[in-house]
Amino acid sequence: MVRTLTALAVLLAAAPALAQPGKPDPSTHSFRGTVEARHGDDLTIVRSGGSTVTVRMDAKTQVYTAIGARLRDIKPESYITVTAAPDSSKATAVTIYSPSERGFAAGSRPWDTQPGATLTGGWIADVSGTDTRQVTLTHGDGRSDFTIPPDTRVTQVAPGEKALLVPGAAVTVLTQAGPDGAHDAGTVIVGRAGAVPTL
């Protein structure tokens, strides 16, 4: 449990939009795309625009797996993060966490999926609706209400392993610049069975 919570603290610190609200840390980056190749601890990612980037993993890199989920998997007392559109309570993506990862990113903060987007993590205090869900999250900052449309992407995250990092797998990698300018991966989230991570 201690190791998992430490890993999540690293993930939170590595997310570029989280250093200060509205003030990204230039030494941290997140990369989203698909695995092109893995050579030992060097992971090459093809980004959505077609460019590639190589990140460096080590013994401290934590790997998580994301699998596809549905709105009905969002249940009372679940712990989730909601990515929301700018200046909106409408969800664009939801991530559900296994018990060992609960507590990640509690509260609300800027997120880097698009300008003005936010990420809010919390425990579900109330959930209603079927096709469209209304949820209330509780967290250290108080409460947040969101509308989750039926077409919202949802995944579930749990501990994973580097063996899942095969060519074609979708990944989100949170990194920090090393002293030599290389991208050191603190956390890697890899999709399984065709899933694309929602962080």
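**Close-up views of a predicted model**

**View 1. Thr65 sits in strand E4.** Thr65 is found in strand E4, which covers residues 62-68. The structure shown here, as in every view below, is a predicted model. Thr65 counts as buried, because its relative accessibility is 7% and buried means under 20%. Residues up to four places away in sequence aside, Thr65 touches Gln156, Val157, Ala158, Pro159, Gly160, Leu164, Val190 and Arg192.

**View 2. The protein chain is built from 1 helix and 13 strands.** Along the sequence, the pattern reads α-β-β-β-β-β-β-β-β-β-β-β-β-β. The protein chain has 199 residues, and 47% of them count as buried. Take the contacts between residues at least 6 apart in sequence: 60% of these join residues at least 24 apart. The surface that the protein chain exposes comes to about 9,500 Å². Carbon and sulfur atoms supply 52% of that surface.

**View 3. Arg32 pairs with Asp112.** Side chains of opposite charge can pair when their charged atoms come close. The model holds 4 salt bridges. One of them joins Arg32 and Asp112, with the closest N and O atoms 2.8 Å apart. Arg32 lies in strand E1, while Asp112 lies in the loop between strand E7 (107-110) and strand E8 (118-128), so the pair ties together parts that are 80 residues apart in sequence. Arg32 counts as partly exposed, at 25% relative accessibility. Asp112 is partly exposed as well, with a relative accessible area of 28%.

**View 4. Asp41 pairs with Lys162.** The closest N and O atoms of this salt bridge are 3.2 Å apart. Asp41 belongs to the loop between E1 and strand E2 (42-47). Lys162 belongs to the loop between strand E11 (153-159) and E12. The salt bridge therefore ties together parts that are 121 residues apart in sequence. Asp41 is partly exposed, and its relative accessible area is 34%.

**View 5. Asp180 pairs with Arg56.** Here the closest N and O atoms are 3.0 Å apart. Asp180 lies in the loop between E12 and strand E13 (183-191), and Arg56 lies in strand E3 (residues 52-56). The pair therefore ties together parts that are 124 residues apart in sequence. Asp180 is exposed, with a relative accessible area of 54%. Arg56 is partly exposed, with a relative accessible area of 29%. Salt bridges with shared partners join Arg56, Asp180 and Asp184 into one network.

**View 6. The second largest pocket has 14 lining residues.** Its volume is about 150 Å³. Nearest the centre of the pocket lie Arg32, Arg153, Val196, Pro197 and Leu199. Arg32 also appears in View 3, where its partner is Asp112. Strand E1 (28-39), strand E6 (91-97) and strand E12 (170-177) each supply at least two residues of the lining. The largest share, 3 residues, comes from E12. By type, the lining of the second largest pocket divides into 6 nonpolar, 6 polar and 2 charged residues.

Note on methods. Residues numbered from 1 in each chain as written. Predicted model: local features only at pLDDT ≥ 70, side-chain atom pairs only at ≥ 80, totals over all residues. Heavy atoms only, no water. 1 Å grid on protein atoms, 1.4 Å probe; cavity = no way out; pocket = protein on both sides within 12 Å on 5 of 7 lines; lining within 4 Å. Points joined across faces, edges and corners; volume = space filled by probe spheres on them. Helix = DSSP H or I, 4+ residues; strand = E, 2+ residues; numbered from the N terminus. Nonpolar A, V, L, I, M, F, W, Y, C, P; charged D, E, K, R; others polar. Salt bridge = Lys/Arg side-chain N within 4 Å of Asp/Glu carboxyl O. Buried < 20%, exposed > 50% of the residue type's maximum accessible area, 1.4 Å probe, protein only. Contact = heavy atoms within 4.5 Å. Areas by Shrake-Rupley, 256 points an atom, 1.4 Å probe, with all protein chains shown as cover.
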